[in-house]
Amino acid sequence: MAIITLTTDFGEKDHFAAAVKGAIYSELEDVKIVDISHWVSPFHIMEAAYIIQNAYSSFPAGTIHIIGIDSELNPENKHIAVLLDGHYFICANNGIISMLANEIKPEKIVEINIHDKVITNFPVLDVFVKVACHIARGGTLEVIGKQIDT
């Protein structure tokens, strides 16, 4: 059974975190979703990196970590999926992986390129969930993105 963790700055006052969980369960019924935190300060990449750095290694290898911090897609902030230390991380290329990988070199990084197949105003829900579920089903990173040199 796949494990997907969620770390966001959404809070829990509105529907965003629940919508992401519902979308995952709609694609995969046999999955465990673990909330690492939804209370990261808005857009605070360093705080998120600290939280994830101290939590991810407690999960088994193969765990998929969705990071919904500063995740809007723009030319400077592409979306990536990373295999690092036996774990998968799906996030924006906003510096957070560099903070997580300061001692461990990523095994593989792809720039996610499925955006033309998904209409989205909420990338964590529409793109990151699709990528996480693809990986959870045993799919490879090369199917959802173009490899970036590490």
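Q: What covers the buried residues of helix H2?
A: Keep in mind that this is a predicted model, where local features need pLDDT of at least 70 and side-chain atom pairs count only at pLDDT 80 or more, while totals for chains, interfaces and linings use all residues. Residues are numbered from 1 along each chain as its sequence is written, and side-chain values use heavy atoms, with hydrogens and water left out. Helices (H or I, at least four residues) and strands (E, at least two) are DSSP runs numbered from the N terminus, and contact means heavy atoms within 4.5 Å. The cover over H2 includes helix H3 (96-100) and the strands E1 (2-8), E2 (31-37), E3 (64-68) and E5 (87-92).

Q: Which residues of H2 are buried?
A: Buried is under 20% relative accessible area, exposed is over 50%, and partly exposed is in between (1.4 Å probe, protein chains only). H2 runs over residues 45-55. Going by that cut-off, its buried residues are Ile45, Ala48, Ala49, Ile52 and Ala55.

Q: Over how wide an arc do the buried residues of H2 spread around the axis?
A: An α-helix has 3.6 residues a turn, so residues three or four places apart point the same way. The arc is taken from the directions that lead from the helix axis to the C-beta atoms. The buried residues sit on the same side of H2, because their arc is only 140°.

Q: Which exposed residues does H2 carry on the face turned away from its buried side?
A: Flip the helix over from its buried side and you get to the exposed ones. They are Met46, Tyr50 and Asn54.

Q: In what order do the strands of the open sheet come?
A: Two strands pair if DSSP finds at least two bridges between them. The sheet has seven strands, and its pairing is mixed. The order is E2-E1-E3-E5-E4-E6-E7.

Q: Which strands stand at the edges of the sheet?
A: An edge strand here has a single partner strand, so one of its sides is left without a neighbour in the sheet. Two strands fit that description: E2 and E7 (145-148).

Q: By what angle are neighbouring strands of this sheet turned against each other on average?
A: Axes are lines fitted to C-alpha atoms, for helices over the stretch in contact, and angles run from 0 to 180 degrees between N-to-C directions. For the neighbouring strands, direction is ignored, and the average is 25°.

Q: What angle does the direction of H2 make with that of E2?
A: H2 packs on the sheet and touches E1, E2, E3 and E5. Its direction, set against that of E2, makes about 130°.

Q: What angle does the direction of helix H4 make with that of E3?
A: H4 (residues 123-136) also packs on the sheet. It touches E1, E3, E4 (79-84), E5 and E6 (108-112). With the direction of E3, that of H4 makes about 170°.

Q: How many bridges join E1 and E2?
A: These two strands pair in the parallel sense, and one bridge links alanine 2 to valine 31 in E2. Together with helix H1 (residues 16-27), they make a β-α-β unit that is right-handed, meaning that with the strands pointing away from the viewer, the path from the first strand over the helix to the second runs clockwise. The number of bridges between E1 and E2 is six.

Q: How far apart are the ring centres of phenylalanine 16 and phenylalanine 122?
A: Rings of Phe, Tyr and Trp (its six-membered ring) pair if their centres lie within 6.5 Å; planes under 30 degrees apart count as stacked, over 60 as edge-to-face and the rest as tilted. The planes of these two rings are at 85°, so the pair is edge-to-face. The centres are apart by 5.3 Å.

Q: Which residues form one aromatic cluster?
A: Phenylalanine 10 forms a tilted pair with phenylalanine 16, at 6.0 Å centre to centre and 50° between the planes. Phenylalanine 10 is buried at 18%, phenylalanine 16 is partly exposed at 30%, and phenylalanine 122 is buried at 16%. The cluster is made of Phe10, Phe16 and Phe122.

Q: Where is phenylalanine 43?
A: This residue is not a glycine, yet its phi is positive, at about 60°. It counts as exposed at 57% relative accessibility. Its place is the loop between E2 and H2.
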